[in-house]
Amino acid sequence: MKNPYKEITRIQKQHLTASQVAIQSALLELSRNKKIYEINVKELCQKAAVARSTFYAYYQNIDDLLIEIENQLLYILIQNNEKIMKREYQSKEDFLFYKETIQFVEENEKVFKLFLIEQPNYRFIKKWKQAIKYHLFQRKDYISKNDFMLEVIASATISAYSYLLENPQSINYEEVSEIISKVLSTFN
């Protein structure tokens with residue numbers, strides 16, 4: 001059976017220039033005090049110390065920039081999960097493999113908090129769910145190929161990461177991994 005979520009794997013690794021990195025950083029910095037849709041290109045370029053023409057050489061608008069940031073994160077999440085989903089699982093300790101993904105989320109805490117909690121980015125969340133569904137669908141030992149079940153699992157997984165970001169002192173990655181593994185095994 002063909003994987004209906006394969007489209008997400010078309011996201012490519014991006015090689016950014018120093019200007020693109022500066023523009024991305026400026027957007028994330030400005031979004032601390034402002035809604036993303038309130039940020040304009042002029043103030044973004046001032047914050048990034050780049051010319052407007054430089055911005056427009058890479059992007060048509062701020063949404064294009066946002067998509068680039070989303071895709072950077074998703075590419076790494078997909079790559080991390082490629083390794084994860086090829087493993088065989090014997091016990092709950094085997095599910096501690098989420099450490100790599102959790103560390104990535106923690107290392108990029110500002111943008112994940114922005115996209116998941118502070119200013120929910122539903123496009124990013126939808127793509128991340130699609131990536132999770134893709135990997136689960138790929139697993140030979142994963143019985144449930146039902147879209148609704150996969151949606152529930154993907155949503156619960158992202159909720160666990162969101163909870164970790166909102167409550168870092170009350171939960172650790174081992175607990176998050178165990179919860180995610182229970183969700184995965186419940187529907188298997």
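## Arginine 123 and helix α7

In this predicted model, arginine 123 lies in helix α7, which comprises residues 122-138. Arginine 123 counts as partly exposed because its relative accessibility is 30%, a value that falls between the 20% limit for buried residues and the 50% limit for exposed ones.

Not counting residues up to four places away in sequence, arginine 123 touches Asp63, Leu66, Ile67 and Glu70. One of these contacts can also be described through the backbone, since the C-alpha atoms of arginine 123 and isoleucine 67 are 8.8 Å apart in space, although 56 residues separate the two in sequence.

## Asparagine 71 in helix α4

Asparagine 71 has its place in helix α4, an element that spans residues 62-85. With a relative accessibility of 14%, asparagine 71 counts as buried, because the cut-off for that class is under 20%.

When neighbours within four places in sequence are left aside, the residues in contact with asparagine 71 are Ile11, Gln14 and Lys127. For glutamine 14 there is also a backbone distance: its C-alpha atom and that of asparagine 71 are separated by 8.4 Å, while the two residues are 57 positions apart along the chain.

## Histidine 15, before the first helix

Histidine 15 belongs to the segment before α1 and is exposed, with a relative accessible area of 67%. Its C-alpha atom is separated by 9.5 Å from that of glutamine 72, a residue 57 places away along the chain; glutamine 72 is also among the residues that lie nearest the centre of the largest pocket.

## The buried sides of α1 and α6

Helix α1 has 13 residues, and the distance from its first C-alpha to its last is 18 Å, close to the 18 Å expected at 1.5 Å a residue. The buried residues of α1 are Gln20, Ile23, Gln24, Ala26, Leu27 and Leu30. These residues are on the same side of α1, because the arc that they cover around the axis is only 160 degrees. In an α-helix there are 3.6 residues a turn, so residues three or four places apart point the same way.

In α6, which runs over residues 109-118, the buried residues are Val111, Phe112, Leu114, Phe115 and Leu116. They too are placed on one side of their helix, because they cover an arc of only 165 degrees around the axis of α6.

## Two loop residues: serine 31 and alanine 49

Serine 31 is found in the loop between α1 and α2, which cover residues 18-30 and 41-48 respectively. At 5% relative accessibility, serine 31 counts as buried. Its contacts, leaving aside neighbours within four places in sequence, are with Ile36, Ile39, Leu114 and Gln119, and one of these partners, Leu114, is itself listed among the buried residues of α6.

Alanine 49 occupies the loop between α2 and α3, the latter covering residues 52-58, and is exposed, with a relative accessible area of 69%. Its phi is near 60 degrees, which is a positive value in a residue other than glycine. Most residues other than glycine have a negative phi. In space, the C-alpha atoms of alanine 49 and alanine 22 are 7.8 Å apart, with their positions 27 residues apart in sequence.

## The largest pocket

The largest pocket has a volume of about 360 Å³ and is lined by 18 residues, of which Gln24, Gln72, Leu73, Asn108 and Val111 lie nearest its centre. The elements that contribute two or more residues to this lining are α1, α4, α5 (99-107) and α6, and α4 gives the most, with 5 residues.

By class, the lining consists of 9 nonpolar, 5 polar and 4 charged residues. Gln24, one of the residues nearest the centre of the pocket, is also one of the buried residues of α1, and Val111, likewise nearest the centre, is one of the buried residues of α6.

## The chain as a whole

The chain has 9 helices and 0 strands, and from the N terminus on its elements run α-α-α-α-α-α-α-α-α. Of its 188 residues, 45% count as buried. Among contacts with a separation of 6 or more, 66% are accounted for by residues 24 or more positions apart. One residue pair with a long separation in sequence is that of arginine 123 and isoleucine 67, which are 56 residues apart and in contact.

Notes: Residues numbered from 1 in each chain as written. Predicted model: local features only at pLDDT ≥ 70, side-chain atom pairs only at ≥ 80, totals over all residues. Heavy atoms only, no water. Helix = DSSP H or I, 4+ residues; strand = E, 2+ residues; numbered from the N terminus. Buried < 20%, exposed > 50% of the residue type's maximum accessible area, 1.4 Å probe, protein only. Contact = heavy atoms within 4.5 Å. 1 Å grid on protein atoms, 1.4 Å probe; cavity = no way out; pocket = protein on both sides within 12 Å on 5 of 7 lines; lining within 4 Å. Points joined across faces, edges and corners; volume = space filled by probe spheres on them. Nonpolar A, V, L, I, M, F, W, Y, C, P; charged D, E, K, R; others polar. Expected span 1.5 Å × (residues − 1). Arc of directions from axis to C-beta.
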